[in-house]
Amino acid sequence: RLYDRRDRARLKLILRGRRFGFSLEDIRQWLLIYGEKGTREQYRVWLDLADRQLDVLREQSNELETSMTDLRALRDETAKLLAAMGDSA
């Protein structure tokens, strides 16, 4: 299949949106806005979507950092217990 410039631009937006964690439905709605309401409204909606997704990613990052901290502590504690048994980690 041959893709024209518009198809390639849409595909690029879809792939980028997926990379940032947007649902396909969010992306679909955002692309529809352009055809229905134009660029200005599409940009406004994009800012709202981006702000919302940044909040989600920030929370995921915080949860991941907490998990990593807990895992490091447990690993260090286990290494100390093993060392106390006369073995090396």
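User: Happy to be looking at this one with you! Which helix is the place of Leu 31?

Analyst: Glad to help, and keep in mind that this is a predicted model. The helix running over residues 24–37 is H2. The place of Leu 31 is in helix H2.

User: Is Leu 31 buried or exposed?

Analyst: The cut-off for burial is under 20% relative accessible area. Leu 31 has 10% relative accessibility, so Leu 31 counts as buried.

User: Which residues does Leu 31 touch, not counting those up to four places away in sequence?

Analyst: Leu 31 sits in helix H2, and residues up to four places away in sequence are set aside here. What remains as its contacts is Arg 10, Leu 13, Ile 14 and Gln 42.

User: Let's follow Gln 42, then. What is its relative accessible area?

Analyst: Gln 42 is found in helix H3. Burial means under 20%, and Gln 42 is buried because its relative accessible area is 8%.

User: Leaving aside neighbours within four places in sequence, which residues is Gln 42 in contact with?

Analyst: Leu 31 has Gln 42 among the residues it touches, and the list for Gln 42 includes Leu 31 in turn. Taken in full, the contacts of Gln 42 are Trp 30, Leu 31, Ile 33 and Tyr 34.

User: Which residues in H3 are buried?

Analyst: H3 covers residues 39–84, and what covers its buried residues includes H2. Ala 50 is one of them, since its 17% relative accessibility counts as buried. The buried residues in H3 are Gln 42, Val 45, Leu 49, Ala 50, Gln 53 and Ala 79.

User: And is Thr 39 buried, partly exposed or exposed?

Analyst: Thr 39 also has its place in helix H3. The partly exposed class lies between the 20% and 50% limits. With a relative accessible area of 33%, Thr 39 is therefore partly exposed.

User: How far apart are the end C-alpha atoms of H3?

Analyst: H3 has 46 residues, and at 1.5 Å a residue they should span 68 Å. The distance in the model agrees with that, as the end C-alpha atoms of H3 are apart by 66 Å.

User: What span should helix H1 have?

Analyst: Helix H1 takes in residues 5–19, which makes 15 residues at 1.5 Å each. Its end C-alpha atoms are 21 Å apart, and this agrees with the expected span, 21 Å.

User: Which residue caps the N-terminal end of H1?

Analyst: Look for a side-chain oxygen that lies 3.1 Å from the backbone nitrogen of Arg 6. That oxygen belongs to the capping residue, Asp 4.

User: Which residue takes a positive phi just after H1?

Analyst: H3 is followed by Gly 86, with a positive phi near 95 degrees. Just after H1, a positive phi of about 95 degrees is taken by Gly 21.

User: Which elements give two or more residues to the lining of the largest pocket?

Analyst: The largest pocket holds about 150 Å³ of space. Its lining residues are Leu 13, Arg 16, Gly 17, Phe 20, Phe 22, Asp 26, Ile 27, Trp 30, Trp 46 and Leu 49. The elements giving two or more of its lining residues are H1, H2 and H3.

User: Last one: where in the protein chain is confidence highest?

Analyst: The mean pLDDT of the protein chain is 90, and 97% of its residues reach 70 or more. Confidence is lowest in helix H2, at a mean of 86. At a mean of 95, confidence is highest in H3.

Conventions:
Residues numbered from 1 in each chain as written. Predicted model: local features only at pLDDT ≥ 70, side-chain atom pairs only at ≥ 80, totals over all residues. Heavy atoms only, no water. Helix = DSSP H or I, 4+ residues; strand = E, 2+ residues; numbered from the N terminus. Buried < 20%, exposed > 50% of the residue type's maximum accessible area, 1.4 Å probe, protein only. Contact = heavy atoms within 4.5 Å. Expected span 1.5 Å × (residues − 1). Polar contact = N/O pair within 3.5 Å; in protein donor to acceptor, adjacent residues only side chain to side chain. pLDDT = per-residue confidence, 0-100. 1 Å grid on protein atoms, 1.4 Å probe; cavity = no way out; pocket = protein on both sides within 12 Å on 5 of 7 lines; lining within 4 Å. Points joined across faces, edges and corners; volume = space filled by probe spheres on them.
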